[in-house]
Amino acid sequence: MSIYDRDYMRDEAPSFGERVRQVSAFHWFFWANIAVFVFQWILFPDLCLTKESFSGVNLPAGGVSIDSLLQGHVWTPFTYMFVHGSVGHILLNSMMLWFAGKRVQDLYGPRHFVIIYVLSGIIGAALQIVLSAYVLNEPSISLIGASASVMGLILAYAIAMPREEVTLLLAFIIPVRFSLWGLAKFLLITNVLFGVLAVFDKLPNWLSGGGHVAYFAHIGGALAGWYYSRTLGYGGTQPSFGSIPTSPKVRRRPVLANVYRPVVEVDMEAVRKQNPRNDPVIDLIRDEVDPILDKISIQGMHSLTDDERRTLDRASRQIARTKGP
């Protein structure tokens, strides 16, 4: 047998099907937004633009409105969250989607990422359409954009990692540091304030495009992301850092308590006292879990492989059983 026939010497490139399967849900959704924008505004603008009656301006087809739903276009509550009205619109939403969407998928998994994106978009659209029809007296308003979905993802990210810090550039110049939870509250309160001003037609003139921003869609999307995260067990009473085990490795990772709580909160000394002889839980934490948590501390959740995620899940379940109810 030639050495070139050995399996370990083969360097076979993955097939096209394998490459497609490796693309994450986040990347499908992110590039779908880009592809729809290119299709509607660059490739086929004459075919993909419609004139909206409430303002007389041309917007991309696929927006959701009461009129479109009454005409039987039941797909528009889903399509609108992939449609954008300008280059600035798609750039802003894409940046925020990249910022929050990747981390939500890392923290919650691809299935929950998809649910949060879609659920936030639908609830945000429903709230905006109802309030526009019965409060703002604009029953024909048409919604487009991923903003409601993005707001839901931001709240889900902030619920899971509330103390993680981010830096924003005010006016693209002044750096300001926020905790994720502080940023989420700031965005939500700002949208509530502007939404109330819009109800009373008091939006300031300097607010560019303020009259055509769907503030209540943002609010609805944010609340949907918050509520769904809470149903998964995130956002409860924050653990006291004083109760986290005294191990230096664990003390450096308190932010992970909301992600793999049983692993992070386990009291190693108590476990040793209960099971002094060759406790498999202690071996599991020392040999497998600690290196993974150290990796997260340095590189972030997104750096984990599927095997490492399964190891943490298995360890969480095993430690929870050891600790008892």
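Let me begin with the charged pairs: when the whole structure, which is a predicted model, is searched for salt bridges, two are found. One of them joins the side chains of E164 and R103, with a nitrogen-to-oxygen distance of 3.0 Å. What I would like you to notice is that this pair links distant parts of the chain, since E164 sits in the loop between helix 8 and strand 3, the strand that covers 165–170, while R103 belongs to helix 6, residues 87–108, and the two are 61 residues apart.

From that loop we can step back to helix 8 itself, residues 147–160, which packs against helix 9, residues 180–199, at an angle of about 145 degrees and with the two axes 8 Å apart. The crossing of helix 8 past helix 9 is left-handed. On the helix 8 side the contact is made by M151, I154, L155, Y157, A158 and I159, and on the helix 9 side by L180, W181, A184, L187, L188 and N191. If we sort those residues by class, we count 11 nonpolar and one polar, with no charged residue in this contact.

Now, what does helix 9 meet in helix 10? Helix 10 covers residues 215–231, and its axis and that of helix 9 come within 8 Å and cross at roughly 145 degrees; here too, helix 9 passes helix 10 in a left-handed crossing. From helix 9, the residues involved are W181, L188, N191, V192, F194, G195, V196 and V199, and they meet Y215, F216, H218, I219, A222 and W226 of helix 10. By class, this contact has 11 nonpolar and three polar residues, and again no charged ones. If you are following on the structure, please note that W181, L188 and N191 of helix 9 are listed in the contact with helix 8 and are also listed in the contact with helix 10.

Finally, let me turn to the surface, where V130, Y134, V135, V192, V196, V199 and F200 make a nonpolar patch of about 670 Å². Two elements give two or more residues each to this patch, namely helix 7, residues 110–134, and helix 9, and the largest share, three residues, comes from helix 9. V199, for example, lies in helix 9, and while V199 is part of this surface patch, V199 is also among the residues that meet helix 10.

Key. Residues numbered from 1 in each chain as written. Predicted model: local features only at pLDDT ≥ 70, side-chain atom pairs only at ≥ 80, totals over all residues. Heavy atoms only, no water. Axes fitted to C-alpha atoms, helices over the stretch in contact; angles between N-to-C directions. Helix = DSSP H or I, 4+ residues; strand = E, 2+ residues; numbered from the N terminus. Left-handed = near helix turned anticlockwise from the far one by under 90°. Contact = heavy atoms within 4.5 Å. Nonpolar A, V, L, I, M, F, W, Y, C, P; charged D, E, K, R; others polar. Patch = residues over 30% accessible without salt bridge, like charges linked within 9 Å, V, L, I, M, F, W, Y side chains within 5 Å. Areas by Shrake-Rupley, 256 points an atom, 1.4 Å probe, with all protein chains shown as cover. Salt bridge = Lys/Arg side-chain N within 4 Å of Asp/Glu carboxyl O.
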